[in-house]
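Trainee: Could we go through this structure together, one question at a time? I'd like to see how each answer is reached.

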Amino acid sequence: MTYSTKIAASDGSGEFDVYVAEPADAPRAAIVVIQEIFGVNAGIRRKCDLLAQEGYLALAPDLFWRLEAGLQLDADNPTSMVKGVELVIKFDTDVAVTDIQTTIDQARAMSDGRRVGVVGYCLGGRMAAYAAARTDGDAFVGYYGVLIEHMLGEKDAIHKPLMLHIPEHDDHVPFAVQAIIHAAFDDHPQVTLHDYPGQHHGFADTFGERRSAIAAGLADERSSAFFATALD
């Protein structure tokens, strides 16, 4: 079953929408799915639906609610891309982490105290890394996270498993930045990095022109095995 609900922000500033996908039976665990710059669109909702088919309770919070609530953009539309970039420039990472923690709390309550993972894409990939350092989630996965290099000073605060998927040809994360991320995390006992030669930003999109089916399948298999180990 899928539906939308609202959660009160921890700072008392209002409520934000959350898309929920429930498994057919009692959930094995819960996973919070973090959007790209395109909002909780059809692709993110489909990610939740697929996780529910695997037995997880999946929740996708609208992290743009303080800027433009309910936004749904198409990654393949140039106008949508411009709009998404405009919003992400205004986006407050620190405040958004608190919304992720609030969603983790909700997911834990809805799943009768089971473990909670976080998976994010692009902007969400960045937020997954920040969440690994700042929230009490149990496992974290980031796909082509942008600006992760800005949180590397917090790497010692990561005490739960974190997996990052890094495409070689990411226009938003050039090779020099990828090297910085590797230097910071390669020896970290909780962090696993996977590089994807020849792949570009957005390669694991649910559908659309950016998707690279073989690489996306490999990354998703790795994420699935990772969550199965960390959350079950």
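Mentor: Happy to; what follows is a set of questions and answers on this predicted model.

Trainee: Let's begin with the strands: in what sense do β1 and β2 run, and how many bridges join them?

Mentor: β1 covers residues 2-8 and β2 covers residues 15-21. One pair to look at is T2, which stands opposite A21 in β2. The two strands run antiparallel, and the number of bridges joining them is seven.

Trainee: Which residue in the turn of that hairpin has a positive phi?

Mentor: Six residues lie between β1 and β2 in the hairpin. Within the turn, a phi of about 75° belongs to G12.

Trainee: Is β3 largely enclosed or open, and how many of its residues are buried?

Mentor: In a regular strand, side chains alternate between the two faces of the sheet. On one side of β3 we find A29, I31 and V33, on the other A30, V32 and I34, and all of these are buried. β3 is therefore largely enclosed by the rest of the structure, the buried count being six of six.

Trainee: Which residue of β4 is the bridge partner of V32?

Mentor: β3 pairs with β4, residues 56-61, in the parallel sense over four bridges. In that pairing, the β4 partner of V32 is L59.

Trainee: On to the inside: how many residues has the largest nonpolar core, and which element gives the largest share?

Mentor: The residues with the most contacts inside this core include V33, V119, M127 and F227. The core has 83 residues. Its largest share, eight residues, comes from α5.

Trainee: M151 is another of the residues with the most contacts in that core. What is its relative accessible area?

Mentor: M151 sits in the loop between β6 and β7. Setting aside residues up to four places away in sequence, M151 touches A129, Y130, A133, I158 and F185. Buried means under 20%, and M151 meets that cut-off with a relative accessible area of 0%.

Trainee: Which residues does F185 contact, leaving aside its neighbours within four places in sequence?

Mentor: F185 is also among the residues with the most contacts inside the core, and M151 is one of its partners. The full set is I148, M151, L152, K155, I158, L164, V191 and L193.

Trainee: Now the pockets: what is the volume of the largest one?

Mentor: There are 21 lining residues, and those closest to the centre are I37, C122, V146, H172 and H201. By class, the lining divides into 12 nonpolar, six polar and three charged residues. The volume of this pocket is about 400 Å³.

Trainee: Which helix supplies the largest share of that lining?

Mentor: Two helices, α3 (78-90) and α5 (123-134), each supply at least two lining residues. The largest share is four residues, and it comes from α3.

Trainee: Which element gives the most to the lining of the second largest pocket?

Mentor: That pocket holds about 300 Å³ of space and is lined by 14 residues, with K47, L51, E54, Y121 and D220 nearest its centre. Two or more lining residues come from each of α1 (42-53), β5 (116-121) and α7 (213-231). The lining has seven nonpolar, three polar and four charged residues. The element that gives the most, with four residues, is α7.

Trainee: Is S224 buried, partly exposed or exposed?

Mentor: S224 has its place in helix α7. Buried means under 20% and exposed means over 50%. Since S224 has 30% relative accessibility, it counts as partly exposed.

Trainee: Last one, on backbone angles: what are the phi values of D112 and Y144?

Mentor: Most residues other than glycine have a negative phi. D112 lies in the loop between α4 and β5 and is exposed, with a relative accessible area of 68%, whereas Y144 lies in the loop between β6 and β7 and is buried at 2%. Neither is a glycine, yet both values are positive: D112 is near 60°, and Y144 is at about 35°.

How values were computed: Residues are numbered from 1 along each chain as its sequence is written. This is a predicted model: local features need pLDDT of at least 70, side-chain atom pairs count only at pLDDT 80 or more; totals for chains, interfaces and linings use all residues. Side-chain values use heavy atoms; hydrogens and water are left out. On a 1 Å grid over the protein atoms alone, a cavity is a set of points where a 1.4 Å probe fits but cannot get out, and a pocket is an open set with protein on both sides within 12 Å along at least five of seven lines; lining residues have an atom within 4 Å of a point. Grid points are joined across faces, edges and corners, and a volume is the space filled by probe spheres set on the points. Ala, Val, Leu, Ile, Met, Phe, Trp, Tyr, Cys and Pro count as nonpolar, Asp, Glu, Lys and Arg as charged, and the others, Gly among them, as polar. A nonpolar core is a set of buried Ala, Val, Leu, Ile, Met, Phe, Trp, Tyr and Cys residues joined through side-chain atoms within 4.5 Å. Buried means under 20% relative accessible area, exposed over 50%, partly exposed in between (1.4 Å probe, protein chains only). Contact means heavy atoms within 4.5 Å. Two strands pair if DSSP finds at least two bridges between them.
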